[in-house]
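Reader: I should like to learn how strand pairing, burial and core packing are read from a model. Where should one begin?

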Amino acid sequence: MEVDLDKISHNALTLVTRLRAKGISVTGVTKATLGSAEIANAWLRAGVCGLGDSRVENMQSMRDAQISAPLTLIRSPMISQVAQVVRLSDVSFNTEMDVICQLSLAAGKAQCIHGVVLMVELGDLREGIMPDQLEATVRAVLRLPNITFLGIGANLACRSGVSPDCQNMAELSSLADLIDATFGPIVNTVSGGNSANLEWALSGQDTGRINNLRLGEAMLLGCEPLHRRAIDGLHTNAITLVAEIIELKIKPSQPWGNLAQAAFGEAAPSADVGPIKQAILAIGRQDVDPDGLLTPLGMKILAASSDHLIVDVTHYRGPLQVGSEITFQLDYSALLRAMTSPFIKKVMKRTTINRAVTNV
């Protein structure tokens, strides 16, 4: 996997600048990068206000790399990890009072103050406190020692595909107003969501109380998640996956013999188009989501097993031989799995780029 840090930084700077004009700060989400210090530092130089991750292990890696920027745990903490949470992160997103009470105890033992953002359910049905229970939850949080209530947040488009829009974002703003009206001006952070919020945030509509977004995918891949469209002015090839051909042969396009299930269930039927030029690459489902790979022109992914990616290269015009490397672009699913694979080498590079970019 090749990561162009200059392109990553450009993407971050572009979005930070556009959103700053709307009064919205950016938290750089490092979970898809396995807490990469190089990418985290590139984003910090580009102006993100802090970093967010869903795993304490990734936060530990960044702290070990001497990253002192504010860290936010963006997945609800596990009670079994509260001591690590208060030691490694400045803030955590929460929905359960049992967990927040344990964070309070852990912060007391660590002699620190831990920040809490309460996540609100706005329809996507992943994490979140139901809106009619938010006031009581805030009241309970404010009673706890060693905990400071910072604000509220929401997450959309991850489980059910519910899109951020004027209606649900206005509801989040109204909830912030309600909390302030009830308890005084205590809401500092209103974190509206993730990369899926960009279309709404940059549409020119009123963004209300929303003053923070948590961005990872858009800065890494240059695309918005709702429709997988490239974002104007961003690089979509900042991260690429390079795999080596280990077999290159002319073979029939259809299997023969008695067919049963393949290694990963029923194999998709293949059309009989006669002999094809088939390449096998040394990468598989253990390393990457094959459905999330974009092939070079003239190639088509036929199948994948745990360690093999089978590609039809019949119509590819470039020279190929055993040992040749093929470069793929990735979607978020492929990126997440590939970055997690210990068998894929991560290569950070820097390239002088033209700042005038149009989705390249």
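Author: Two strands are said to pair if DSSP finds at least two bridges between them. The model is predicted, and in it strand S2 (residues 25-29) and strand S3 (residues 50-53) are joined in the parallel sense by three bridges.

Reader: Which strand is joined to S2 by four bridges?

Author: That partner is S9 (residues 212-215), and the two run parallel. Thr-27 stands opposite Arg-214 in S9 and opposite Gly-50 in S3.

Reader: What handedness has the β-α-β unit that S2 and S3 make with helix H2?

Author: The unit of S2, H2 (residues 37-46) and S3 is right-handed.

Reader: Why is S2 described as largely enclosed?

Author: Four of its five residues are buried, so the rest of the structure largely encloses S2. Helix H1 (residues 5-20) is likewise largely enclosed, because 12 of its 16 residues are buried. Among them are Leu-5, Ile-8, Leu-15 and Leu-19, together with Asp-6 and Lys-7. At the start of H1, a side-chain oxygen of Asp-4 comes to within 3.0 Å of the backbone nitrogen of Asp-6.

Reader: How should the nonpolar core be read, and how many residues has the largest one?

Author: In soluble globular proteins, nonpolar side chains tend to be buried together. Here the largest nonpolar core has 93 residues, and Met-1, Leu-118, Ile-152 and Leu-281 have the most contacts inside it. H1 supplies the largest share of this core, six residues. A second, separate core of six residues includes Ile-74, Phe-93, Val-117 and Met-119.

Reader: Which residues does Ile-152 touch?

Author: Leaving aside residues up to four places away in sequence, Ile-152 touches several residues, including Leu-118, Leu-134, Leu-172 and Ile-179.

Note on methods: Residues numbered from 1 in each chain as written. Predicted model: local features only at pLDDT ≥ 70, side-chain atom pairs only at ≥ 80, totals over all residues. Heavy atoms only, no water. Expected span 1.5 Å × (residues − 1). Buried < 20%, exposed > 50% of the residue type's maximum accessible area, 1.4 Å probe, protein only. Polar contact = N/O pair within 3.5 Å; in protein donor to acceptor, adjacent residues only side chain to side chain. Core = buried A, V, L, I, M, F, W, Y, C linked by side-chain atoms within 4.5 Å. Contact = heavy atoms within 4.5 Å. Right-handed = clockwise from strand over helix to strand, strands pointing away.
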